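Here's a quick walk through a two-chain model, going from one loop residue out to the sheet, the second chain and the contact. Have the viewer open while you read.

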Amino acid sequence: MANTYTLIEAKTLTTSTASITFSSIPATFTDLLLRISARNTSTGGDCVITFNGSSSSYTNKILTGNGAAASSTAGSITGLDSELVPSSYTASTFSNSDVYIPNYLSTSNYKAVSTDTVSENNAATAYADFLAGLWAATPAAITSITCTPNANNFAQYSTFYLYGIKNS
Amino acid sequence: MDKPTRIEINCTTGETSIIELTDAEIADMETAALAAADQQAAAEAEAAAKAALKASAKAKLIAGEPLTAEEVDTLVI
């Protein structure tokens, strides 16, 4: 059981930004946790997370609910999604996402990832997503993580916190 | 107009770089923006259609009228 959390890096955007990358991630932890609070400057309701600059070999299962209906999807994709609040949602609201990456240093196992994310909106529709994802590229330690909106830019004041977790 | 930028944070040194996107990356962004707008419009249309079916199903149930298969689908999981 993980019992230590160390903040590796944090960033609050001071202007709209197309993507954010945490590179040269230290190889001194057991797991990683990426905590995102973000908003899109325009349309685009997904934050796409990729590892080591790769946009292939990702698969996922997503359970989505919006308060009125629930659905489940699966597929091969170019990255792992978490919710992102588009500009059509209530002003100054942001998504909240936790992206958990256990055993990120393994060079023998594919990388299993889970995300737990919600979008905020003072209206009828907002979403909660739970994702089980796998990055099934040739096993390699994760040294960089990139977050990109599926369209347009992250809005000012979006925040990204990367934590390292040790099991002892 | 300024080019869009991306941020890279080196977690070992703490150095933050702000990098302008290339023309190709900007073109990709514009394509993605169009696709996202289409996707959002389709999702909104689908949600509106489902809401209309559900309202119709409710009205017919109250009035004791037969439902269509699509209306039943909104009530039965």
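## A loop residue in chain A

Let's start with Ser88(A), which sits in the loop of chain A that links strand 7 (80-83) to strand 8 (95-101). Keep in mind that this is a predicted model. Is Ser88(A) buried, exposed or partly exposed? It comes out as partly exposed, because 13 other C-beta atoms lie within 10 Å, and the partly exposed class falls between 12 or fewer (exposed) and 20 or more (buried).

Ser88(A) can also be placed relative to Asn40(A): the two are 48 residues apart along the chain, and their C-alpha atoms are separated by 9.2 Å.

## The sheet in chain A

Chain A has an open sheet of 8 strands, paired antiparallel, in the order 1-12-3-8-9-10-5-6. The edges belong to strand 1 (4-12) and strand 6 (70-77) of chain A; each has a single partner strand, so one side of each has no neighbour in the sheet. On average, and ignoring direction, neighbouring strands here are turned by 15° against each other.

For a look inside the sheet, take strand 9 (residues 111-118) and strand 10 (residues 128-135) of chain A, an antiparallel pair with 8 bridges. Within that pairing, Val113(A) has Gly133(A) of strand 10 as its bridge partner.

## Chain B on its own

Now for the other chain. Chain B holds 2 helices and 2 strands, arranged along the sequence as β-β-α-α. Its radius of gyration is 24 Å, while the globule rule gives 11 Å for 77 residues, so chain B is more spread out than a compact globule.

Measured out along the principal axes, the C-alpha atoms of chain B fill a box of roughly 70 × 30 × 20 Å. Of its 77 residues, 5% count as buried.

## Where the chains meet

How many residues does each chain bring to the contact? Chain B supplies 18 residues and chain A 23 residues. On the chain B side, the elements giving two or more residues are strand 1 (5-10) and helix 1 (23-63). Helix 1 of chain B gives the most, with 8 residues. By type, the chain B side splits into 12 nonpolar, 4 polar and 2 charged residues.

There's strand pairing across the chains too: strand 2 (residues 20-23) of chain A and strand 1 of chain B run parallel, joined by 4 bridges. As a spot to click on, Thr21(A) is opposite Glu8(B) in strand 1 of chain B.

Terms used:
Residues are numbered from 1 along each chain as its sequence is written. Chains are lettered from A and ligands numbered from 1 in the order in which they are written. This is a predicted model: local features need pLDDT of at least 70, side-chain atom pairs count only at pLDDT 80 or more; totals for chains, interfaces and linings use all residues. Two residues are in contact if their C-beta atoms, placed from the backbone, lie within 7 Å. Ala, Val, Leu, Ile, Met, Phe, Trp, Tyr, Cys and Pro count as nonpolar, Asp, Glu, Lys and Arg as charged, and the others, Gly among them, as polar. Two strands pair if DSSP finds at least two bridges between them. The radius of gyration is taken over C-alpha atoms; the globule rule is 2.2 Å times the number of residues to the power 0.38. Axes are lines fitted to C-alpha atoms, for helices over the stretch in contact, and angles run from 0 to 180 degrees between N-to-C directions.
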